[in-house]
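Reader: I'd like to learn how to read a structure like this one. Could you walk me through it?

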Amino acid sequence: MSRRRGKAVEEEKADIDLTPMLDVVFIMLIFFIVTASFVKEKALDVNVPDPDQQVETPPDPDKQNILLTVNSADEIWMGSSRIDSRAVRARIAQLYAENPQAIVIVRAHNKSSADTYVTIADAAKEVNPNIQVSLVPFEDKR
């Protein structure tokens, strides 16, 4: 019988009480949830047309739009000339003065950064806060 008691005592000593550890884990979890700062991400609300549903409409000859192209290296092109990001506002202002009904169309490569589009949109809004700026993404067909 003494052997049996010895095993029972050993079995009782071998049991580990997990309650204090779980208490500590829950307290830490509550601490981190309460102290975490919830940051709301800012994003651009860009309406991109569905490429499958695009209908080709002939351009209005009386209305010339301002077309800027951004390649994958974030270089800004207007026509066949490359322009610096600091000169975008002046070029848009010049073309907008000639045609106040024009809208700014930014044809941006899929791999270009959003910062370049934001720079162009901000420059256009400095020229006229009511000017329409459209984003048209494109991809190299290789």
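Reader: Let's start with β4: is this strand largely enclosed by the rest of the structure or open?

Author: Count the buried residues. In β4, 5 of the 6 residues are buried, so the strand is largely enclosed by the rest of the structure. Keep in mind that this is a predicted model.

Reader: Then how much trust does the prediction put in the chain, and where is confidence lowest and highest?

Author: Look at pLDDT, overall and then by element. The chain has a mean of 81, with 74% of residues at 70 or more. Helix α1 (residues 2–14) has the lowest confidence, at a mean of 60, while strand β3 (residues 81–83) has the highest, at 92.

Reader: Which elements does the chain have, and in what order?

Author: There are 4 helices and 5 strands. Starting at the N terminus, the order is α-α-β-β-β-α-β-α-β.

Reader: What are the strand partners of β4, and in which sense do they run?

Author: Go partner by partner and check the direction. β4 runs parallel to β1, with 5 bridges joining the two. With β5 the pairing is parallel too, over 6 bridges. You can pick out single bridge pairs as well: V70 is matched with A108 in β4, and V106 with L135 in β5.

Reader: And how does β1 pair with β2?

Author: That pairing is antiparallel, over 2 bridges. Here the bridge partner of V70 is I76 in β2. The two strands make a hairpin with 5 residues between them, and D74 in the turn has a positive phi of about 65°. β1 is also mostly covered, with 4 of its 5 residues buried.

Reader: Where does D74 turn up in side-chain contacts?

Author: Look across at T116, which sits in helix α4. The T116 side chain makes a polar contact with the side chain of D74, at 3.3 Å. Setting aside residues up to four places away in sequence, T116 touches V70 and I76 as well as D74.

Reader: Is T116 buried or exposed?

Author: Buried is the call for anything under 20% relative accessible area. T116 is at 9%, so it counts as buried.

Reader: How do I read the buried side of a helix, say α3: which of its residues are buried?

Author: List the buried residues, then ask how they spread around the axis. In α3 (residues 88–98) they are V88, I92 and Y96. Their arc around the axis is only 55°, which puts them on the same side of the helix. The face turned away from that side carries A97 and E98, which are exposed.

Reader: What do the buried residues of α3 pack against?

Author: They pack against β1, β2, β3, β4 and α4.

Reader: What should I expect of nonpolar side chains in general?

Author: In soluble globular proteins, they tend to be buried together. In this model, the largest nonpolar core has 21 residues, and L68, V104, V106 and I120 have the most contacts inside it. At least two residues of this core come from each of β1, β2, α3, β4, α4 and β5. The largest share, 5 residues, is supplied by α4.

Reader: What does V106 touch?

Author: Skip the neighbours within four places in sequence, and its contacts include L68, V70, Y117 and I120. Also among them are V133, S134, L135 and V136.

Reader: S134 is on that list, so to speak; where does it sit, and what is it in contact with?

Author: S134 belongs to strand β5. Beyond neighbours within four places, S134 is in contact with I103, V104, I105 and V106. S134 and A121 are 13 residues apart in sequence, with 8.8 Å between their C-alpha atoms.

Reader: One more polar residue: is H109 buried or exposed?

Author: H109 lies in β4. At 8% relative accessibility, H109 counts as buried. A polar atom of its side chain lies 2.9 Å from the backbone nitrogen of K111. Leaving out neighbours within four places, H109 contacts V70, N71, S72, F138, E139 and D140.

Reader: How many of the contacts in the chain join residues far along the sequence, at least 24 apart?

Author: Taking contacts between residues at least 6 apart in sequence, 71% join residues at least 24 apart. As for burial across the chain, 21% of the 142 residues count as buried.

How values were computed:
Residues numbered from 1 in each chain as written. Predicted model: local features only at pLDDT ≥ 70, side-chain atom pairs only at ≥ 80, totals over all residues. Heavy atoms only, no water. pLDDT = per-residue confidence, 0-100. Buried < 20%, exposed > 50% of the residue type's maximum accessible area, 1.4 Å probe, protein only. Arc of directions from axis to C-beta. Contact = heavy atoms within 4.5 Å. Polar contact = N/O pair within 3.5 Å; in protein donor to acceptor, adjacent residues only side chain to side chain. Core = buried A, V, L, I, M, F, W, Y, C linked by side-chain atoms within 4.5 Å. Pairing = 2+ DSSP bridges.
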